[in-house]
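Hi there,

Here is the structure I promised to pass on. Have a look at it first, and then read on for my notes.

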Amino acid sequence: FRRGGGAPAPPLHMSRAVCRRSERCVVPLVEAGDCPAEVGVYLNRLSDYFFVAARYAAASAGHAEERRGDDKAGPATGRV
């Protein structure tokens, strides 16, 4: 899905991006044994939450998000 959805969704998408970046930084720490594996799991679930929250915020505000053209569902239609 493309980012969008009016005013409430973009900050949630940005939060998800920051969370994913944090998750990528934690992976080497987990592999080295310097950080519990649960931290990586938590960050992954948190990014999932931000994704769902952004979609919900967009839908609640009446803004449809567009499908990306490279997904398996077919070309972008502008509908959700």
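Let me start with a question: is arginine 20 buried, partly exposed or exposed? Arginine 20 is partly exposed, because its relative accessible area is 32%, where buried means under 20%, exposed over 50% and partly exposed in between (1.4 Å probe, protein chains only).

Before the rest, a word on the source. This is a predicted model, in which local features need pLDDT of at least 70 and side-chain atom pairs count only at pLDDT 80 or more, while totals for chains, interfaces and linings use all residues. Residues are numbered from 1 along each chain as its sequence is written, and side-chain values use heavy atoms, with hydrogens and water left out.

**The chain as a whole**

The chain has two helices and zero strands; both kinds of element are DSSP runs numbered from the N terminus, with helices being H or I over at least four residues and strands E over at least two. Of the 80 residues in the chain, 20% are buried. The chain exposes about 5600 Å², and carbon and sulfur atoms supply 57% of that; the areas come from the Shrake-Rupley method with a 1.4 Å probe, and for residues only the protein chains shown count as cover. Among contacts (heavy atoms within 4.5 Å) with a separation of 6 or more, 59% are between residues 24 or more positions apart.

**The core between the helices**

The largest nonpolar core has five residues: Cys19, Val26, Cys35, Leu43 and Phe50. By nonpolar core I mean a set of buried Ala, Val, Leu, Ile, Met, Phe, Trp, Tyr and Cys residues joined through side-chain atoms within 4.5 Å. Helix H1 (9-32) and helix H2 (37-60) are the elements that each give two or more residues to this core.

Valine 26 is a good place to start looking. Leaving out residues up to four places away in sequence, valine 26 touches Cys35, Val39, Gly40 and Leu43.

The core holds two cysteines, Cys19 and Cys35. Cysteine 19 counts as buried because its relative accessibility is 5%, and cysteine 35 is buried too, at 16%. How many disulfides does a search of the whole structure find? The search finds zero, with a disulfide taken as a pair of cysteine sulfur atoms within 2.5 Å.

Phenylalanine 50, in helix H2, is another core member and counts as buried at 17% relative accessibility. With residues up to four places away set aside, phenylalanine 50 touches Leu12, Ser15, Arg16 and Cys19. The C-alpha atoms of phenylalanine 50 and arginine 16 are 5.3 Å apart, although the two residues are separated by 34 positions along the chain.

Phenylalanine 50 also has an aromatic partner. The whole structure contains one aromatic pair, in which the rings of tyrosine 49 and phenylalanine 50 have centres 5.7 Å apart and planes at 55 degrees, so the pair is tilted. The rule here is that rings of Phe, Tyr and Trp (its six-membered ring) pair if their centres lie within 6.5 Å, with planes under 30 degrees apart called stacked, over 60 edge-to-face and the rest tilted. Tyrosine 49, at 51% relative accessibility, counts as exposed.

**Charged pairs**

There are two salt bridges, each being a side-chain nitrogen of Lys or Arg within 4 Å of a carboxyl oxygen of Asp or Glu. One joins glutamate 23 and arginine 20, at 3.3 Å from N to O. These residues are about one helical turn apart, because they lie three residues from each other in helix H1. Glutamate 23 is buried, with a relative accessible area of 14%. Beyond its neighbours within four places in sequence, glutamate 23 is in contact with Gly40, Leu43, Asn44 and Ser47.

The other bridge is in helix H2, where arginine 45 and aspartate 48 sit three residues apart, about one turn of the helix. The closest N and O atoms of arginine 45 and aspartate 48 are 3.8 Å apart. Arginine 45 is exposed at 53%, and aspartate 48 is partly exposed at 35%.

**Ahead of the first helix**

Lastly, proline 8 lies in the segment before H1 and is partly exposed, with a relative accessible area of 38%. Not counting residues up to four places away in sequence, proline 8 touches Ala57 and Ala61. From proline 8 to alanine 61 the C-alpha distance is 7.9 Å, with their positions 53 residues apart in sequence.

Best wishes
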